[in-house]
Amino acid sequence: RLKTLNVALIGPPGSGKGSYGKLLAKSLPRATLITASDVIRGHNLAANQVNATPTQPTNSSTNNEEQLRAMASGSLLSDTFVSEVILKYMLRIQDESTNRRTKTILGSAIHIFDGFPRTMGQIQAMNETWPMHLQIQKAASLEVPRTVCEMKLLGRRECQSCGKAVNIANVNNIDGFVLPPSLCGCIRPSYTQRDDDNPAVIQNRLDVFDRQTAPILDHYDTKDGGGTALLRFAPYRGYDDLAGFKPLCNIGWALGWVVKIQQ
């Protein structure tokens, strides 16, 4: 039987959820990173390929394109839609990693969710429709000041010479955070910036987080009687502080969650 832990990384845009999630997935045993935006984007692109015709896109295709534009602008999608798409993905990877004879899940022991849940509506949808063994039990909150997030988002670039993602922002002792630029090392780098990394979109994304996502912290802070479901973590030195996440995962192992498909 496989012990499992489902953990949500919660933090404002620019806090480093994706980067920290990737490192955690590599450093923790049998861990998988579930990036909500990638899952939704893949779902929408696949739906477009199925529904669109060479001459006449369908209503479904148009809706999927609108959802992609909403993601780029920082707007949140329908809670029901997001929950359904993530659940469908989780059930698929569960099915792909299930031993047909013993009905035991053999895949990841830890699922790290980046970008889900983002609203209390998504938590409600998850609680009402997801199997218990897939529901998110714990959350880790990245406590990064808004000023730092703005700098990191505005500093994101991609090197056209080597294809690596870099960040030219130099956060030097802002509210205690020291995060130097992360460059690629090319002798003659050529950097480009994403269209949605502009001040207006960034402000909107941070406002949406403050308004709709932050209350999730209160939910996990009081879950199970309080004190065990939420880890607040300030990565003052970036990757060097990664070990601060591990106590949360150790809690999950100590409680001994077990996943077994129902007969």
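## A tour from strand 8 to the nonpolar cores

Begin by selecting Asn-173, which is found in strand 8, the stretch covering residues 171-174. The model on your screen is a predicted one, and everything pointed out on this tour should be read with that in mind. The backbone at Asn-173 deserves a look, as its phi is near 60°, a positive value in a residue other than glycine. Is Asn-173 buried or exposed? Its relative accessibility is 54%, and because the cut-off for exposed is over 50%, Asn-173 counts as exposed.

Move on to Asp-175, in the loop between strand 8 and strand 9. Here too phi is positive, at about 55°, although Asp-175 is not a glycine. With a relative accessibility of 56%, Asp-175 also counts as exposed.

**The loop before strand 10**

Next, select Pro-189, which you will find in the loop that runs between strand 9 (177-179) and strand 10 (191-192). Pro-189 has a relative accessibility of 36% and therefore counts as partly exposed. If you display its surroundings and leave aside residues up to four places away in sequence, the residues that Pro-189 touches are Cys-159, Ser-161 and Cys-184. A distance label drawn between the C-alpha atoms of Pro-189 and Cys-162 should read 8.0 Å, although these two residues are 27 apart along the chain.

**The antiparallel sheet**

From that loop, step to strand 10 itself, which belongs to an open sheet of three strands in the order 7-6-10, with antiparallel pairing. Strand 7 (165-167) and strand 10 are the edge strands, each pairing on one side only. Strand 6, residues 156-159, is joined to strand 10 in the antiparallel sense over two bridges, and to see one of the paired positions you can select Glu-158, whose bridge partner in strand 10 is Thr-192.

**Strand 2 and its parallel neighbors**

Now select strand 2, where six of the six residues are buried. Both of its faces are covered, with Leu-5, Val-7 and Leu-9 buried on one side and Asn-6, Ala-8 and Ile-10 buried on the other. Strand 2 runs parallel to strand 4 (residues 110-114), to which five bridges join it, and Val-7 stands opposite Ile-112 of that strand. Strand 2 also pairs with strand 5, again in the parallel sense, over four bridges; in this pairing Leu-9 has Ala-140 as its bridge partner.

Stay in strand 5, residues 138-142, and pick out Ser-141. With a relative accessible area of 2%, against a cut-off for buried of under 20%, Ser-141 is buried. Beyond its sequence neighbors up to four places away, Ser-141 touches Ile-10, Leu-217, Leu-230, Leu-231, Arg-232 and Phe-233.

**The largest nonpolar core**

Which residues have the most contacts inside the largest nonpolar core? Select Ile-10, Ile-86, Phe-113, Phe-116, Trp-130 and Tyr-220, which hold that place in a core of 27 residues. Two or more residues each come from strand 2 (5-10), helix 2 (36-51), helix 4 (79-96), helix 5 (120-129) and helix 8 (215-222), and helix 4 gives the most, with six residues. In soluble globular proteins, nonpolar side chains tend to be buried together.

Helix 4 can be viewed end to end: it has 18 residues and reaches 26 Å from its first C-alpha to its last, close to the 26 Å expected at 1.5 Å a residue. Its buried residues are Phe-81, Val-82, Ser-83, Val-85, Ile-86, Leu-87, Met-90 and Gln-94.

Return to Ile-10 and show its contacts outside the immediate sequence neighborhood of four places, which include Ala-140, Ser-141, Leu-142, Phe-209, Ile-216 and Tyr-220. Apart from the largest core lies another, of 23 residues, and Leu-142, Val-144, Val-171 and Ile-202 are among them.

**Two helices and a cis bond**

Select helix 7 (residues 199-213) together with helix 8, which pack with their axes 6 Å apart at an angle of about 40°; the two helices are therefore oblique to each other. Where they meet, Asp-210, Arg-211, Gln-212 and Thr-213 of helix 7 face contacts from Pro-215, Ile-216 and Leu-217 of helix 8.

For the last stop, go to Pro-117, in the loop between strand 4 and helix 5. The peptide bond that joins Phe-116 to Pro-117 is cis, with omega at about -5°, and Phe-116 is one of the residues already visited for its contacts in the largest core.

Conventions. Residues numbered from 1 in each chain as written. Predicted model: local features only at pLDDT ≥ 70, side-chain atom pairs only at ≥ 80, totals over all residues. Heavy atoms only, no water. Buried < 20%, exposed > 50% of the residue type's maximum accessible area, 1.4 Å probe, protein only. Contact = heavy atoms within 4.5 Å. Core = buried A, V, L, I, M, F, W, Y, C linked by side-chain atoms within 4.5 Å. Expected span 1.5 Å × (residues − 1). Pairing = 2+ DSSP bridges. Axes fitted to C-alpha atoms, helices over the stretch in contact; angles between N-to-C directions. Parallel < 35°, antiparallel > 145°, perpendicular 65-115°, else oblique.
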